[in-house]
Amino acid sequence: MEFSISSGSPEKQRSACVVVGVFEPRKLSVAGEIIDHVSGRYLSELIRRGDMEGRLGSTLLVPRVPGILADRVLLVGLGKERDFRENEYQKAVASAVRTLNETGAFDASIFLTDLPVKRRELRWRIRIAAMAARAALYRFDLMKSKHDDVRRPLRKLTFSVSRRGELADGELALKQGLAIAEGTNLAKTLGNLPANVCTPGYLAQQAAELATAHQLKLEVLERVDMEKLGMGAFLSVARGALEPPKFIVLEYRRGNQSDKPVVLIGKGITFDTGGISLKPAADMDEMKFDMSGAASVLGTVKAVAELELPINLVVLIPTTENMPGSMATRPGDVVTTLSGQTVEILNTDAEGRLILCDALTYAERFDPDCVVDVATLTGACVIALGDVACGLMANDEGLAKELISAGSMAHDRAWQLPLWDDYHEQLKSNFADMANVGGRGAGTITAACFLSKFAGKHRWAHLDIAGVAWRGGKEKGSTGRPVPLLTHFLLDRAGVL
């Protein structure tokens, strides 16, 4: 798929299709009004007859519109103008691209990027449009013996800017949006692969391919290396699995040598049975998505590398399966973490924090500017925030605000929860320095409290993505979140947002 930026009036576009918007009830966008004027009110007459009401996401393909050079016009419903914000904009662009892809258009010029999204400037509109377009075209059919027969003839999309002076900004934003989309698609594909394919070893292979493609430094620690280091918490999760665990270390160094790196840590449980604390059978197949944190940090480093951002970034991925078996860790076992602190494991299904705590301690050797861990950590976060926002907890308000701002800019939002000392009381143990769970109440917060004990003196934030990393039901699959949030966070730090 080819993407480009152009300026010019919609009626002068020589393409298979020009895309313009219609607000509810029956109001054309500015580009639509221009075409309507040169066509002798052709579009207005269609709208007056009720062929297009403007309902958000609705589409109407209109052939042979008089007075224009394009073969067809695609009208896209935008909903009510007073309610037209980021979410509506994304849905409108995605709906347009899906329709174009299904209706035989070889190329199209999209005039939705000039829409008045509240408080959002051109570069945001182009960047988000590129991300929405690629998301609309994403298909996962790698595991099917026959691919879907749906025609996908769309080969080129051109996003419009109003003036020639905006072309440079538009091209920069397009490049950023496409890189974020590529990273998101990588995360989606890794998440969608079954656990018998996407093993810890497979994730290490994907890291190796990224390292080769973008000249990154890669180290993969094996079980024996982790034993020598003393990663007792991580290894306790891996005890029941035949698949060997891996600890993946990727380094991207394009900033000043003296700049401290950002460290991203991604939870990589490639399948989570719950271990001895076995999960119920219903929906257990979705536990292949429990490596979505790992997938998202790999997707983020891909986007960063493609954009050649002038920053230093380290990605850490502790990855294993969590399986029951004769060697598996039992409830009541006590393990010693890499930090030297001891943990009483009351629930083996609270395994994510056990692999992350050793990764957090390992991160200290990089003397990071800040550390952000990303994990499908708690069902409690799904109950609290649903599939709209991920949970955010941090030991530094400045870092929390950076991530919240990045999530807002990417429309991949995070919501901050407290990390007060009061919650630490729930993690007390009679037999070790702490327990790995703190009971039913405030489960998302107590999980973050546990991790905070391993964050050291560095600025640290935790993103619980359990509610946003995948969808269930008819549209079951990985979302690739929070690659957009993380990449916007790093774009801002690089000063190129």
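Is Arg-253 buried, partly exposed or exposed? Arg-253 counts as partly exposed, because its relative accessibility is 37%. This assignment, like the others below, rests on a predicted model.

## Salt bridges

A search of the whole structure finds 26 salt bridges. Side chains of opposite charge can pair when their charged atoms come close. Arg-253 takes part in one such contact, with the side chain of Glu-251, at 3.0 Å from N to O. Glu-251 has 13% relative accessibility and therefore counts as buried, the cut-off being under 20%.

Another pair is Glu-351 and Lys-267, whose side chains meet at 3.2 Å, N to O. This salt bridge links distant parts of the chain, 84 residues apart. Glu-351 sits in the loop between strand E14 (342–344) and helix H10 (352–363), while Lys-267 sits in the loop between strand E10 (262–266) and strand E11 (268–272). Both residues, Glu-351 and Lys-267, are buried.

## A pair within helix H9

Lys-302 and Glu-306 form a salt bridge in which the closest N and O atoms are 3.1 Å apart. About one helical turn separates Lys-302 from Glu-306, because they are four residues apart in helix H9 (residues 292–307). Lys-302 is buried, at 17% relative accessible area, whereas Glu-306, at 30%, is partly exposed.

Elsewhere, salt bridges with shared partners join Asp-369, Asp-396, Glu-402, Arg-459 and Arg-493 into one network.

## Nonpolar surface patch

Val-30, Ile-34 and Val-38 make a nonpolar surface patch of about 220 Å². Ile-34 belongs to helix H1 (residues 30–38). With a relative accessibility of 32%, Ile-34 counts as partly exposed.

Definitions and conventions
Residues numbered from 1 in each chain as written. Predicted model: local features only at pLDDT ≥ 70, side-chain atom pairs only at ≥ 80, totals over all residues. Heavy atoms only, no water. Patch = residues over 30% accessible without salt bridge, like charges linked within 9 Å, V, L, I, M, F, W, Y side chains within 5 Å. Areas by Shrake-Rupley, 256 points an atom, 1.4 Å probe, with all protein chains shown as cover. Salt bridge = Lys/Arg side-chain N within 4 Å of Asp/Glu carboxyl O. Helix = DSSP H or I, 4+ residues; strand = E, 2+ residues; numbered from the N terminus. Buried < 20%, exposed > 50% of the residue type's maximum accessible area, 1.4 Å probe, protein only.
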